[in-house]
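Here's a quick briefing for anyone opening this structure for the first time. Have a look around, then read on.

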Amino acid sequence: MDLSFSAEEEAFRQEVRAFVAEAKPQLPKNLGTPEQARRSKDDYLIWHRLLFKKGWVAPAWPRELGGAAWGVTQRYIFATETAKAGLPTTLPFGLGMVGPVIYTFGNEAQKKKFLPRILSGEDWWCQGYSEPGAGSDLASLRCRAVRDGDHYVVDGQKTWTTLAQYADWIFCLVRTNSGGKPQEGISFLLIDMKSPGITIKPIMVLDGAREVNEVFFDSVKVAAENLVGEENKGWTYAKFLLDHERSGLASAARSRAALTRLKTIARNEQLDGQLLIRDPDFARKLAALEADLMALEFTELRILSREAKGGKIGAESSMLKVAGSEILQRISDLAMEAVGYYALPDDLSLGDNEAVGPDYARGVSGRYFNQRKVSIYGGSNEIQRNIIAKAVLGL
Ligand SMILES: Cc1cc2nc3c(=O)[nH]c(=O)nc-3n(C[C@H](O)[C@H](O)[C@H](O)COP(=O)(O)OP(=O)(O)OC[C@H]3O[C@@H](n4cnc5c(N)ncnc54)[C@H](O)[C@@H]3O)c2cc1C
C-alpha cells in the first residue's frame, strides 16, 4: 500500500531508500534476507552500527540524547522501506526498552553511563521480566533483591530471556518487598551479566536456534546505584516499557514483505499440473489473508495518524498485536503449505544440510516454527484479548 506524502516526507523517503540501497550489500547474507535463525552477535551489530553512524539507530529518542527524534510518519516510512528491502529491525532491548526507561526515570549518572553505550552498540541488553510461574501473571515474580549496605544481593531465576548469551547487561524486575500488593514490592534493577553468581542455560527453540535462555542468580551482588527510580516503584517503569514493546509489534510492513514472498512461491510452485496461484482453494486463502492484511495496514495508519496529531494510543496497541501476530503466523502457515517438503532440509534442527529445492523455499520452515512465538511474547494474545475486553469493550 502506498500513501501520498508531503514533499518533505517524500524527500525523506528517498533518503531512506538511498541509504538502504547502499547499506544492503554491506550486510551479511543472512541479515539482508528474512532468515534470522543463523544470525551471530556480529551479524546483528553490523546493521546497528551502520544505523548508528548515520544517526538513525534510535528513531524515537530525543535529539539531545543522540536520537533521531523522528515523528510518527518518519518512523513509519523508515519501517516500511527497510521491511520492503528485507532488512531486519534493530533489537528492542536496549534501544526500545531499557533506553527509554533510563532516560525517563533514571538519574543523570545512569543516563551518562548507559545511554551512549546503548546507541553505539557497545552494550548488549537483555530483558529479565519472565520467570517460571510469572509470565502472564508477571506481578507474582519472585526473583529477590535484598539491600545490604551499598548493594543488593539477588537470588532467583529469569526465563525466556532472549539472546541473553550475547548480553553485557540485563534489566530485571526484582522483588524488594513481599508485603502488600504484589505490584508494590517490585524494583527495576540493572545487572552486569559478568557478575559472579550468574549462570545462563540455553533453551533450544522449535527451529533449532538458540534464541532464548534461562538465567540464574545465585547471591549476585549489584551496586545500589543500579536501581532505576525508586525502590518498590518498578511496576510503573515495567508497564511504561511494556506499552512501548506492544506498540511496536504490529509489523504490517513485515507481513506485507512476507506476503510478497508467499506470492512468489505461489506463482512458481505447481499443484496437480497447474500453478498454485490458480488453485481455487489456495487462491481463496491468499485473498482472505490479503484482505485482512489491508485491514491491518489501514488500522495501523489510522492509529499512527492519531498519534501524529498528538493523540495517545492505549488498548489499540493490544489490537495491533493480536491482528499483526495472527496474520504473520497465517502467512508462514500458507508458505509452509505451498513449498511442502522442500521446506524440511532448511529446518536447523535437522543439521547443516545442503539447500534442496528452489531458493524461495529457503527459510520457510525456520520462519514457520520460529513465528509460533509471536502470539506469546510481549504478553500472549489471550492476555491482549483480556485487555481489549476490559479497556475497549468495558466487559
Ligand atoms: C520466543 C520468546 C521470547 C521471549 N523473550 C522474553 C525476554 O526476552 N524476556 C522476558 O522477560 N520474557 C520473554 N518471553 C516471555 C513471554 O513474555 C512470556 O512467555 C509470556 O508473557 C507468557 O507467559 P508464560 O510463558 O509464563 O505463559 P503463562 O502465563 O503460563 O500462560 C500459559 C497460557 O495460558 C494463557 N493464560 C494465562 N493467563 C491467562 C488469563 N488470565 N486469561 C486467559 N489466558 C491466560 C496464556 O495466554 C498462555 O496461552 C519470551 C517468550 C517467548 C516465547
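What follows is a short tour of a hairpin, a glutamate with its polar partners, and a pair of packed helices. Keep in mind that this is a predicted model.

**The hairpin**

- Start with strand 6, residues 198–204, and strand 7, residues 210–223, which run antiparallel and are joined by seven bridges.
- Together, strand 6 and strand 7 make a hairpin, and five residues sit between them.
- In the turn you'll find Gly208, whose phi is positive at about 90°.
- To follow one bridge across, go from Ile203 to its partner Val212, which lies in strand 7.

**Glu211 and its contacts**

- Glu211 is also part of strand 7.
- Is Glu211 buried or exposed? Its relative accessibility is 16%, which is under the 20% cut-off, so Glu211 counts as buried.
- Its side chain has a polar contact of 2.8 Å with the side chain of Asn370.
- Another polar contact, this one of 2.5 Å, links the side chains of Glu211 and Lys373.
- Leaving aside residues up to four places away in sequence, Glu211 touches Thr161, Thr162, Leu163, Ile203, Val205, Asn370 and Lys373.
- One of those, Ile203, is the residue you just met as the bridge partner of Val212.

**Asn370, on the other end**

- Asn370 belongs to helix 11, which covers residues 364–370, so the 2.8 Å polar contact between the side chains of Asn370 and Glu211 links helix 11 with strand 7.
- With a relative accessibility of 6%, Asn370 counts as buried, because that value is under 20%.
- How far apart are Asn370 and Val205 in sequence and in space? They are 165 residues apart in sequence, yet 7.5 Å apart in space, going C-alpha to C-alpha.

**Helix 1 against helix 3**

- Now turn to helix 1, residues 7–23, and helix 3, residues 41–54, which pack with their axes 12 Å apart.
- The angle between helix 1 and helix 3 is about 135°. That is over 115 but not over 145 degrees, so the two helices are oblique to each other.
- As for handedness, helix 1 and helix 3 cross in a right-handed way.
- Which residues meet where these helices pack? From helix 1 come Glu15, Phe19 and Ala23, and from helix 3 come Trp47, Leu50, Leu51 and Lys54.

Notes
Residues are numbered from 1 along each chain as its sequence is written. This is a predicted model: local features need pLDDT of at least 70, side-chain atom pairs count only at pLDDT 80 or more; totals for chains, interfaces and linings use all residues. Side-chain values use heavy atoms; hydrogens and water are left out. Two strands pair if DSSP finds at least two bridges between them. Helices (H or I, at least four residues) and strands (E, at least two) are DSSP runs, numbered from the N terminus. Buried means under 20% relative accessible area, exposed over 50%, partly exposed in between (1.4 Å probe, protein chains only). A polar contact is a pair of N or O atoms within 3.5 Å; within protein, one must be able to donate a hydrogen and the other to accept it, and residues adjacent in sequence count only if both atoms are side-chain atoms. Contact means heavy atoms within 4.5 Å. Axes are lines fitted to C-alpha atoms, for helices over the stretch in contact, and angles run from 0 to 180 degrees between N-to-C directions. Angles under 35 degrees count as roughly parallel, over 145 as roughly antiparallel, 65 to 115 as roughly perpendicular and the rest as oblique. A crossing is left-handed if the near helix is turned anticlockwise from the far one by less than a right angle, and right-handed if clockwise.
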